[in-house]
Amino acid sequence: MSWQGYIDSSYLVGSGHVDKGAIISAAGDSVWAASPGFTIKPEEMKNLVAILNDAPGARDNAHAEGIHVAGVRYVAADTRADDGIVYGRKQDQTGVCFTKTKQAIIVAHHAEGQIAGNARQTVWTLAKYLIDQGY
């Protein structure tokens, strides 16, 4: 399956639990696949990598400045989850969650009306699958 296939299929958007998604390199230097209009900027990718790698000050900065994805600021709600998934939300009940595998970072956005926990589970399921496949 192509990287775009993971975005469009039941793994992410096709699940009905997220409305947009992206897969970027674990280094944060390239986008492998993304939903139309879900454009993650280079500096945003670097910040996601820093948070996931627990770079000094990255999580504190996420709580102070927010998590920016596709030009939108989200309040950092959970950056130290046991499952490795970071979650950010907005007051309008939308949010993003992201995690990393060996080679990739999976980013998903859920719309108002979609349940954050289901979006998180969807991201975790894809991440586990990719890790099991060596990615």
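The legends below describe close-up views of a predicted model.

**View 1. Seven strands form one open sheet.**
The strands follow the order E2-E1-E7-E6-E5-E4-E3, and their pairing is antiparallel. Strand E2 (31–34) and strand E3 (67–69) are the edge strands, each of them paired on one side only. On average, neighbouring strands of this sheet are turned by 25° against each other, direction ignored.

**View 2. Strands E3 and E4 form a hairpin.**
Two residues lie between E3 and E4, and Ala70 in the turn has a positive phi of about 55°. The two strands pair in the antiparallel sense over three bridges. Val69 stands opposite Val72 in E4.

**View 3. Strand E5 pairs with E4 and with E6.**
E4 and E5 run antiparallel and are joined by three bridges. Asp78 stands opposite Tyr87 in E5. Strand E5 (residues 86–89) also pairs with strand E6 (residues 95–100), in the antiparallel sense and over four bridges. Here Val86 stands opposite Phe98 in E6.

**View 4. Helix H3 lies across strands E3 and E4.**
Helix H3 spans residues 58–65 and runs at about 120° to strand E4 (72–78). Ala58, Arg59 and Ala62 are the buried residues of H3. They are on the same side of H3 because they cover an arc of only 100° around the axis. Helix H2 (42–52), E3 and E4 are among the elements that cover these buried residues. The exposed residues Asp60 and Ala64 are on the face of H3 turned away from its buried side. Gly66 follows H3 and has a positive phi, near 95°.

**View 5. Asp54 and Arg59 form a salt bridge.**
The count of salt bridges in the model comes to three, and the pair of Asp54 and Arg59 is one of them. The closest N and O atoms of Asp54 and Arg59 are 2.9 Å apart. Which of the partners is buried? Arg59 is buried, with a relative accessible area of 11%, whereas Asp54 counts as partly exposed at 43% relative accessibility.

**View 6. Helix H4 lies across five strands, among them E7.**
Helix H4 covers residues 116–132 and runs at about 160° to strand E7 (104–110). The other strands that H4 lies across are strand E1 (20–25), E4, E5 and E6.

**View 7. Arg120 and Asp78 form a salt bridge.**
The closest N and O atoms of Arg120 and Asp78 are 3.2 Å apart. Arg120 lies in helix H4 and Asp78 in strand E4, so the pair ties together parts that are 42 residues apart in sequence. Arg120 is buried, with a relative accessible area of 18%. Asp78, at 25% relative accessibility, counts as partly exposed.

**View 8. Asp132 and Lys128 form a salt bridge within helix H4.**
The closest N and O atoms of Asp132 and Lys128 are 3.1 Å apart. The two residues are four residues apart in H4, about one turn of the helix. Is Asp132 buried or exposed? Asp132 is exposed, because its relative accessible area is 52% and residues over 50% count as exposed. Lys128 is partly exposed, with a relative accessible area of 37%.

Key
Residues numbered from 1 in each chain as written. Predicted model: local features only at pLDDT ≥ 70, side-chain atom pairs only at ≥ 80, totals over all residues. Heavy atoms only, no water. Pairing = 2+ DSSP bridges. Axes fitted to C-alpha atoms, helices over the stretch in contact; angles between N-to-C directions. Contact = heavy atoms within 4.5 Å. Buried < 20%, exposed > 50% of the residue type's maximum accessible area, 1.4 Å probe, protein only. Arc of directions from axis to C-beta. Salt bridge = Lys/Arg side-chain N within 4 Å of Asp/Glu carboxyl O.
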